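Got the viewer open? Let's walk through this one together, one piece at a time.

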Amino acid sequence: QVQLVESGGGLVQGGGSLRLSCAASGVTFSIFAMGWFRQAPGKEREFVAAINWSGGSTFYADSVKGRFSISRDSTKNTVYLQMNSLKPEDTAVYYCATGPLNIATATASYKYWGQGAQVTVSS
């Protein structure tokens, strides 16, 4: 059974940083990709970043490129999202997701989802 658990959310001022963690179990890392998505009230869930485990390839949404960084720690079976230079518009519930794919940016491409972590950025 695939399980994903997010942690590291919280409240931060604009310009600050947070690091989200996603602990994964039951994932076949060699063929699964991991993605980060976010959803704010009244908005659709949107893609943030993705990484594939076998090759370490990454992809970012234009809105976060240069500010966010996705990475993995194979020894801990954990994926991270380092968020720097945070803006109020980054406020959302952040979800990690995974699936048996190389890499993808569409919500529908991912099969398994974590419970979400609230990130609030004040002005």
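Start with Asn77, which sits in the loop between strand 7 and strand 8. Keep in mind as we go that this is a predicted model. Asn77 isn't a glycine, yet it has a positive phi of about 50 degrees. Is Asn77 buried or exposed? Something in between: Asn77 counts as partly exposed, because its relative accessible area is 31%, and the partly exposed class runs between the 20% and 50% cut-offs.

Now look at the two strands on either side of that loop. Strand 7 pairs with strand 8 (residues 78–83) in the antiparallel sense, over 6 bridges. If you want a pair to look for, take Phe68: its bridge partner in strand 8 is Met83. As a bit of background, the strands of a sheet pair through backbone hydrogen bonds, and they can do so in a parallel or an antiparallel way.

Zoom out a little, and you'll find these strands in an open sheet of 4 strands, with the order 1-3-8-7 and antiparallel pairing. Strand 1 (3–7) and strand 7 (68–73) are the edges; each has a single partner strand, so one side of each has no neighbour in the sheet. On average, neighbouring strands of this sheet are turned by 20 degrees against each other, ignoring direction.

Follow the chain past strand 8 and you come to Ser85, in the loop between strand 8 and strand 9. Ser85 is another non-glycine residue with a positive phi of about 50 degrees. Ser85 is partly exposed too, with a relative accessible area of 40%.

Time to go inside. In soluble globular proteins, nonpolar side chains tend to be buried together. Here, the largest nonpolar core has 39 residues, and Met34, Trp36, Leu81, Met83 and Tyr94 touch the most other members. Several strands each supply at least two residues of this core, including strand 3 (18–25), strand 4 (33–39) and strand 9 (92–99). Which strand gives the most to this core? That's strand 5, with 5 residues. To see how busy one spot can be, click on Tyr94: leaving out residues up to four places away in sequence, its contacts include Trp36, Phe68, Leu81, Met83 and Val119.

For a contrast, finish with Leu11, in strand 2 (residues 10–13). Leu11 is exposed, because its relative accessible area is 66% and the cut-off for exposed is over 50%. Still, Leu11 touches Thr120 and Ser122, again not counting residues up to four places away in sequence. Leu11 and Thr120 are 109 residues apart along the chain, but their C-alpha atoms are separated by 4.8 Å.

Note on methods. Residues are numbered from 1 along each chain as its sequence is written. This is a predicted model: local features need pLDDT of at least 70, side-chain atom pairs count only at pLDDT 80 or more; totals for chains, interfaces and linings use all residues. Side-chain values use heavy atoms; hydrogens and water are left out. Two strands pair if DSSP finds at least two bridges between them. Axes are lines fitted to C-alpha atoms, for helices over the stretch in contact, and angles run from 0 to 180 degrees between N-to-C directions. Buried means under 20% relative accessible area, exposed over 50%, partly exposed in between (1.4 Å probe, protein chains only). Contact means heavy atoms within 4.5 Å. A nonpolar core is a set of buried Ala, Val, Leu, Ile, Met, Phe, Trp, Tyr and Cys residues joined through side-chain atoms within 4.5 Å.
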